Amino acid sequence: MNAIHDPRASRKVRTERPPLAVSFEFFPPKTDAMEERFWESIGKLAPLQPRFVSVTYGAGGSTRERTLRLVSRIKSESGVDAAAHLTCVGASRAEVDAVVEGYRRAGITRIVALRGDPPEGAGQPFTPHPDGYRSAAELVAGIRRLGDFDISVAAYPEKHPQSPDWRADIDNLKRKLDAGAARAITQMFFDNDDYFRFVERARKAGITAPIVPGIQPIHSFRQISGFASRCGAAIPPWLAERFEGLEDDPETHALVASAVAAEQVLELVDHGVTEFHFYTLNRASLVLALARLLGVRPD
Ligand code: FAD
């Protein structure tokens, strides 16, 4: 027998692990053509039986009605559970509570609760509405008072850009979970070591809730680098190098993107991660391929 390493051996171990839980994040489409792609992607991803599909809440509540309409329809038509994002930006507590009540009436029991960013942009200081919730932790407590919702909150493996230090960042996450959130979902990150270190810090601080990695497949390196810099996620030099010169070569770009994302999720699985949240940007293809690699298939 020769001693050549058989890569199938490690893959076999992966398939023998307990099934993984996945969730998919979408954003409210702005045009009819985008809405068509949105539903097409939901149609392709729903058979994977995600734990939930979530729909974001536009800056300053600009998508309030659309988010509600989309999550209601996802839930009633696709057969998967839907989660509505919600922020505190530019609204009083009474207005935010009314949105929560609207979700409840529509049968939505899952909420991703966020502070949100000011309309001027993510880097600008946040000024709460004079009668509003001042942070995600306060929002979580407010939602809890209104009903028995399953609440997710945001976490930042590279620290929230406005956190003065790690201690403040982790304390803030703990406040959100102690207020009644069931899990944290992370901001996108591309270096798994940032995630591992973050989880270690959180566990040391007594946080026991799941910290679900948010995975951003790189459909377009240019677009994702822009998003990343706005939300404080670093693009490691090795990642930029992999995509260098591929702007006009979509085929190679797509192949590199799937290899990069596969490498990231499989390393997380090897470290015992069993829950994943995928930022789909309303596209199914890369996420479908990744789910398949993780052994998540249509029922
Ligand atoms: P918080 O947890 O409230 O914290 C924000 C910052 O304020 C932290 O630095 C924290 O340390 C600090 N802070 C909080 N409370 C205090 C306090 N009492 N004293 C001092 N400092 C404090 N944005 C949208 O607009 N719509 C969406 O749908 C959306 N979905 C998202 C989903 C995920 C999974 C993630 C990771 C982010 C999402 N965002 C969304 C972005 C999010 O709104 C921003 O990252 C925002 O800047 C912070 O929101 P937060 O809920 O983390 O805020």
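**An eight-stranded barrel and its ligand**

Eight strands form a closed barrel in the order S1-S2-S3-S4-S5-S6-S7-S8, with parallel pairing; strands, like helices, are DSSP runs numbered from the N terminus (E, at least two residues, for strands; H or I, at least four, for helices), and two strands pair if DSSP finds at least two bridges between them. From one strand to the next the twist averages 30°, with axes as lines fitted to C-alpha atoms (for helices over the stretch in contact) and angles running from 0 to 180 degrees between N-to-C directions. The model is a predicted one, so local features need pLDDT of at least 70 and side-chain atom pairs count only at pLDDT 80 or more, while totals for chains, interfaces and linings use all residues. Residues are numbered from 1 along each chain as its sequence is written, and side-chain values use heavy atoms, leaving out hydrogens and water.

Strand S8 is where the barrel closes up with S1. S1 (residues 21–26) and S8 pair in the parallel sense over five bridges. Within that pairing, valine 22 has phenylalanine 276 as its bridge partner, and serine 23 sits opposite histidine 277. On the S7 side (residues 211–215), two bridges do the job, again parallel, and glycine 214 stands opposite histidine 277.

S8 (residues 275–279) is largely enclosed by the rest of the structure, because five of its five residues are buried, that is, under 20% relative accessible area (exposed is over 50%, partly exposed in between; 1.4 Å probe, protein chains only). In a regular strand the side chains alternate between the two faces of the sheet. Here Glu275, His277 and Tyr279 point one way and Phe276 and Phe278 the other.

Turning to the ligand, 22 residues surround it, with Tyr57, Asp117, Tyr156, Asn172 and Lys176 coming nearest; a residue counts as near if one of its heavy atoms lies within 4 Å. By class, this shell has seven nonpolar, eleven polar and four charged residues (Ala, Val, Leu, Ile, Met, Phe, Trp, Tyr, Cys and Pro are nonpolar, Asp, Glu, Lys and Arg charged, and the others, Gly among them, polar).

Polar contacts are pairs of N or O atoms within 3.5 Å; within protein, one must be able to donate a hydrogen and the other to accept it, and sequence-adjacent residues count only if both atoms are side-chain atoms. Ligand oxygen atoms lie 2.5 Å from a polar side-chain atom of aspartate 117, 2.9 Å from a polar backbone atom of alanine 136 and 2.7 Å from a polar side-chain atom of lysine 176. Taken alone, the ligand exposes 980 Å², and the protein buries 79% of that (Shrake-Rupley, 1.4 Å probe; for residues, only the protein chains shown count as cover). Strand S3 (82–87), helix H6 (166–178) and strand S6 (183–188) are the elements giving two or more residues to the shell.
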